[in-house]
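Trainee: I am new to this structure and would like a close look at a single part of it. Could you take one residue in a loop as the starting point and then work outwards to its surroundings?

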Amino acid sequence: MNPDARRAKVDSALPASQPRRRFLDYLLGTSAVATLAAIFYPIFKFMSPPQIVESTENSVVAAKLSEVPPNSGKIFKFGNKPGILVHTASGEFKAFSAVCTHLECIVQYRDDTKQIWCACHNGQYNLSGKNIGGPPPRPLEEYKVNTRGDDVVVTRG
Amino acid sequence: MRINDLTNWLDERLAISTLMHLADKKEVPVHRHSIWYYFGGMTLFLFCVQVATGILLLLYYRPSAENAFESVQFIITEVKFGWLIRSIHSWSANLMIATLFIHMFSVFFLRSYYPPREITWVSGAFLLIIVICFGFSGYLLPWNKLAFFATKVGTEIAGVVPIVGRPILRFLRGGDDVTGATLTRFFGFHVAVLPATATVFIGVHVALVQLHGMHVPKKYEDSYQRMKFFPNFILRDAIGWILAIGVLAALAALFPWELGEKADPFAPAPAGIKPEWYFLFMFQTLKWIPAKVLGMDGEVLGIMAFNLIALLLFIVPFIDRDPENRRRHLIFNICGVVALMYIVVMTIVGYVAK
């Protein structure tokens, strides 16, 4: 007797076995899914990096006065993000976030154009941080600047 | 119809039906010793667990003397389920070495290396060496005190071998001492060189098993039944794998792998320092060998003896190849039992010794 015929015979002899088989299939299926979930849930959780607590620093000494002559700029560390301090040709101090609003490159001060410039895609900002040319969609975030003795202190607004 | 077309298209290009036909024809002998057929597959499964968890650990691990310890600490304290993944990696490594030893001794005592399966045995012996190198190189990566001294001692042992020893030691350490340079090297071996080599040897090993089929011990050659590989054998395998995952998760949860203290090259070795259990029998032997034996350094003698035994392991199927030679059969059985007893006893002694 071939296997199909044998199975047919068993099936016809035991009609009640069908729901039972379906029930067993269901049990097997759910256990398989549960097992896979138990394996993959920790893996996906593991892969997403834990939140690093951001620095809550609100003010930082960005530079010494002597480091930034008029018509120059300096990148400084503000928490874990870069900031840019500009000493304008007219003698004013300005500070902004140095992260370009386009694709997060770090900007620089150009003493020839007297602008803040991003080298990656030729983004341009004026000395109020406003985006005036190139692809940047938004102005740079501005910080407050005070001088305290020889220190130039930058404070988050 | 669409599905059919796709199946045909794939079949013409990938010969799926030929492979399916081969898979369908594959059978596993059923007899009193069939249980041993599962240990090779189990070793391979645990190797896959190592690959998966190893890749996950690579997401956070940083291989430098300054950062390694802290990054492992970060994994087990900050990363979600990091403790689990790291402990499973360590436990699975140990279980893999255990199942590999079981597999090797079962193959040895059942004489599965008889012609034409010599190369299968030799590729397996290479895999044993590779796995031991995996264990040794991986042990250093957390850069803790135990690992630091284990690596110092282990590489020093390599350095004792006459003539080639010193260059090997310098190659392994990346200099004269165990430093950050050693860590970087071991990391490279552990995640690139060894996995690539292992993949090649596993490929050869498994392909040869397919080529020759499962070996059946002489006693059962005339009267054994067969089981289909798909799905009967593979489902039984799968039960073993699910059990293994359960055991690994339980071990990781109940006995999390310790991290210890960060390595300090200028701190004394901690008391009671011991290598991993699979090195214990060699460790204990070296402790017991007298300083001088017949005018030779005891240590050198011991290490050369272990090298000789490793060499013998490779040529076993070329010495014992005649199934009819009863005397040789007996000698090999005795040697196997003695080796097994020696490993077991010395491991226990090494474990309880102060």
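**A loop residue and its surroundings**

Mentor: Tyr114(B) has its place in the loop between helix H5 (82-109) and helix H6 (118-140) of chain B, where helices (H or I, at least four residues) and strands (E, at least two) are DSSP runs, numbered from the N terminus. This is a predicted model, in which local features need pLDDT of at least 70 and side-chain atom pairs count only at pLDDT 80 or more, while totals for chains, interfaces and linings use all residues. Residues are numbered from 1 along each chain as its sequence is written, and chains are lettered from A and ligands numbered from 1 in the order in which they are written. The pLDDT, which is the predictor's confidence in each residue, from 0 to 100, averages 93 over chain B, with 99% of the residues scoring at least 70. For the complex, the predictor gives an ipTM of 0.85 and a pTM of 0.87.

Tyr114(B) has 17 other C-beta atoms within 10 Å and is therefore partly exposed; a residue is buried if 20 or more other C-beta atoms, placed from the backbone, lie within 10 Å of its own, exposed if 12 or fewer, and partly exposed in between. Leaving aside residues up to four places away in sequence, Tyr114(B) touches Arg321(B) and Pro323(B), contact being defined by C-beta atoms, placed from the backbone, that lie within 7 Å. The C-alpha atom of Tyr114(B) is also separated by 6.2 Å from that of Pro317(B), although the two are 203 residues apart along the chain.

Pro317(B) leads to the helix pair beside the loop. H6(B) and helix H12 (residues 298-319) of chain B pack at an angle of about 175°, with their axes 9 Å apart; axes are lines fitted to C-alpha atoms, for helices over the stretch in contact, and angles run from 0 to 180 degrees between N-to-C directions. H6(B) and H12(B) are therefore roughly antiparallel to each other, since angles under 35 degrees count as roughly parallel, over 145 as roughly antiparallel, 65 to 115 as roughly perpendicular and the rest as oblique. Glu118(B), Trp121(B), Val122(B) and Ala125(B) of H6(B) make this contact with Leu313(B), Phe314(B), Val316(B), Pro317(B) and Phe318(B) of H12(B). By class, the contact of H6(B) with H12(B) has eight nonpolar, no polar and one charged residues, where Ala, Val, Leu, Ile, Met, Phe, Trp, Tyr, Cys and Pro count as nonpolar, Asp, Glu, Lys and Arg as charged, and the others, Gly among them, as polar.

On the other side of the loop in sequence, H5(B) takes part in the contact between the chains, which takes eleven residues from chain B and eight residues from chain A. H5 and helix H10 (229-254) of chain B each supply at least two residues of the side that touches chain A, and the largest share of that side, three residues, comes from H5(B). The residues on the chain B side divide into eight nonpolar, one polar and two charged.

H5 and H6 of chain B are also among the elements that give two or more residues to the largest nonpolar core, a nonpolar core being a set of buried Ala, Val, Leu, Ile, Met, Phe, Trp, Tyr and Cys residues joined through C-beta atoms within 7 Å. Of the 47 residues in this core, Ile88(B), Met96(B), Leu140(B), Trp143(B) and Ala147(B) touch the most other members.

Note on methods: Two residues are in contact if their C-beta atoms, placed from the backbone, lie within 7 Å.
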